[in-house]
Amino acid sequence: MSHADFKELFTRHPQNPVIVTADLPYQANTVFNAAAALVGGETLLLIRIEDRRGISHLTVARSKDGVGGWRIDPQPTFPPDPDHYPEELWGVEDPRITWMEDLGEFYFTYTAYSQDGPLVALARTKDFRSFTRLGGVLLPENKDAALFPRRINGRYAMLHRHVLHSGAHIWIAFSPDLKHWGDHQIVMRARSGGWWDANKIGLSPQPIHTPEGWLVLYHGVRVTGGGVIYRLGLALLDAEDPRRLLRRSEEWIFGPMENYERQGDVDNVVFPCGWTQQGDQLRLYYGGADTCIALATASLKELLEYLRHCPEK
Ligand code: BMA
């Protein structure tokens, strides 16, 4: 089988977009970039809402089928708390949820938008009703982080995206306690030149453990004369040692095509922060043009089969 034999790996849901600003129980500018988890047999999204000041907070939306009938909290579930966490002055954005197997609790990373740039912050919760903040864990400029669900050689691990003069690449870091992070190293570099993922890449949803390694969906940013285009690619990291990149797609596998992805506050953006897994089915929740939330589904087997045809690194 060659690349040409693969049709689209992700299928857009016919009811897209699944959540728009008009669905919210209160006034806001936009709803987008949601984290996702299965909680008590339901799909839970931790959605990013940008208010009309331009400041973002996080709110919980629950649905029985993960497509419709969303029950959205009547007020912000996780608002920024700059009095106690000054790094949240300009809002909290783009969460990624991981169920931590040995701790029996959900942890989520999020971007705290500080006066000195975006940084990575962490919080934990059992029920998405009460939360404990661990505070900022990685210095600016950093975002697009997610935890691995289990310890690797005794330590917790996190992917993140530190911005340097050489470009914005995906890094890994390790921690004994989820609070103190070190042993940073780059696992995947942005490409350069004309590539779709030149100069700036970042992790999209949380990494998923598969029999073939850690499945990574990442975004790449193409800067053009007409603005930016955010598209998605796949990678596989070694199961025992996720510092090792095994495979990486050459082509992007999902990009803005529909109107709700092409036109909005920021045109031409698909930006997933969460996916859920039910058997072989993956449900990917993504922000469309920084304005709405959409859903696309894929078969895990097909993604892994596709990756088997991608170059070894
Ligand atoms: C990125 C993040 C996302 C946003 C995207 C497109 O840098 O800030 O929150 O969706 O840009 O604007």
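Which pocket is the space taken by the ligand? The space that the ligand takes is the second largest pocket. The model on display is a predicted one, and this tour starts at the ligand before moving to individual residues.

**Stop 1: the ligand and its surroundings**

Select the ligand, then display the residues around it: Asn33, Arg48, Asp94, Lys143, Tyr230, Val266, Val269, Phe271 and Asp290. Sorted by class, this shell contains four nonpolar residues, one polar residue and four charged residues.

Next, show the side chains of Asn33, Tyr230 and Asp290. In Asn33, a side-chain N or O atom is 2.9 Å from an oxygen atom of the ligand. For Tyr230, the separation between a polar side-chain atom and a ligand oxygen atom is 3.0 Å. For Asp290, an N or O atom of the side chain is found 2.6 Å from an oxygen atom of the ligand. The ligand on its own would expose 310 Å², of which the protein buries 85%.

**Stop 2: Asp94, a member of the shell**

Remain at the ligand and select Asp94, one of the residues that surround it. Asp94 belongs to strand 6, which covers residues 92–100. Is Asp94 buried or exposed? Asp94 counts as buried, because its relative accessibility is 5%, below the cut-off of 20%. Its backbone also merits inspection: phi is positive, at about 45 degrees, although Asp94 is not a glycine. Most residues other than glycine have a negative phi.

**Stop 3: Asn268, another positive phi**

Select Asn268, in the loop between helix 1 (259–262) and strand 19 (270–278). Asn268 is not a glycine, yet it has a positive phi of about 60 degrees. With a relative accessible area of 18%, Asn268 is buried.

**Stop 4: two cis peptide bonds**

Most peptide bonds are trans. Where are the cis bonds to inspect here? One runs from Asn16 to Pro17, with omega near -10 degrees. Pro17 is placed in the loop between strand 1 (11–12) and strand 2 (30–39). Another cis bond joins Pro140 and Glu141, and its omega is about -5 degrees. Glu141 sits in the loop between strand 9 and strand 10 (142–147).

**Stop 5: strand 9**

From Glu141, turn to strand 9, which spans residues 132–138. Arg133 has its place in this strand. Arg133 counts as buried because its relative accessibility is 19%, under the 20% cut-off. To follow the fold from here, select Tyr107: Arg133 and Tyr107 are 26 residues apart along the chain, with 9.6 Å between their C-alpha atoms.

Gly136 also lies in strand 9. Gly136 is partly exposed, at a relative accessible area of 37%. Adding Tyr85 to the selection shows a C-alpha to C-alpha distance of 8.3 Å from Gly136, for two residues 51 positions apart in sequence.

**Stop 6: strand 16**

Select His219, which lies in strand 16. What does the side chain of His219 contact? One polar contact, of 3.2 Å, is with the side chain of Asp144. Another, of 3.0 Å, joins the side chains of His219 and Ser204. His219 is buried, with a relative accessible area of 2%. For a view along the chain, add Asn199: it is 20 residues from His219 in sequence, and the two C-alpha atoms are 11 Å apart.

Continue to Val223, also found in strand 16, which comprises residues 213–224. Val223 is exposed, because its relative accessible area is 66% and the cut-off for exposed is over 50%. Thus strand 16 carries both buried His219 and exposed Val223. Between the C-alpha atoms of Val223 and His162 there are 19 Å, with 61 residues separating the pair along the chain.

**Stop 7: the end of strand 8**

Finally, select Thr125 in strand 8, residues 117–125. Thr125 is buried, at a relative accessible area of 1%. Display the backbone of Phe128 as well: the side chain of Thr125 reaches the backbone nitrogen of Phe128 at 2.9 Å.

Definitions and conventions. Residues numbered from 1 in each chain as written. Predicted model: local features only at pLDDT ≥ 70, side-chain atom pairs only at ≥ 80, totals over all residues. Heavy atoms only, no water. Near = heavy atom within 4 Å. Polar contact = N/O pair within 3.5 Å; in protein donor to acceptor, adjacent residues only side chain to side chain. Areas by Shrake-Rupley, 256 points an atom, 1.4 Å probe, with all protein chains shown as cover. 1 Å grid on protein atoms, 1.4 Å probe; cavity = no way out; pocket = protein on both sides within 12 Å on 5 of 7 lines; lining within 4 Å. Sits in = over half its atoms within 2 Å of the grid points. Nonpolar A, V, L, I, M, F, W, Y, C, P; charged D, E, K, R; others polar. Helix = DSSP H or I, 4+ residues; strand = E, 2+ residues; numbered from the N terminus. Buried < 20%, exposed > 50% of the residue type's maximum accessible area, 1.4 Å probe, protein only.
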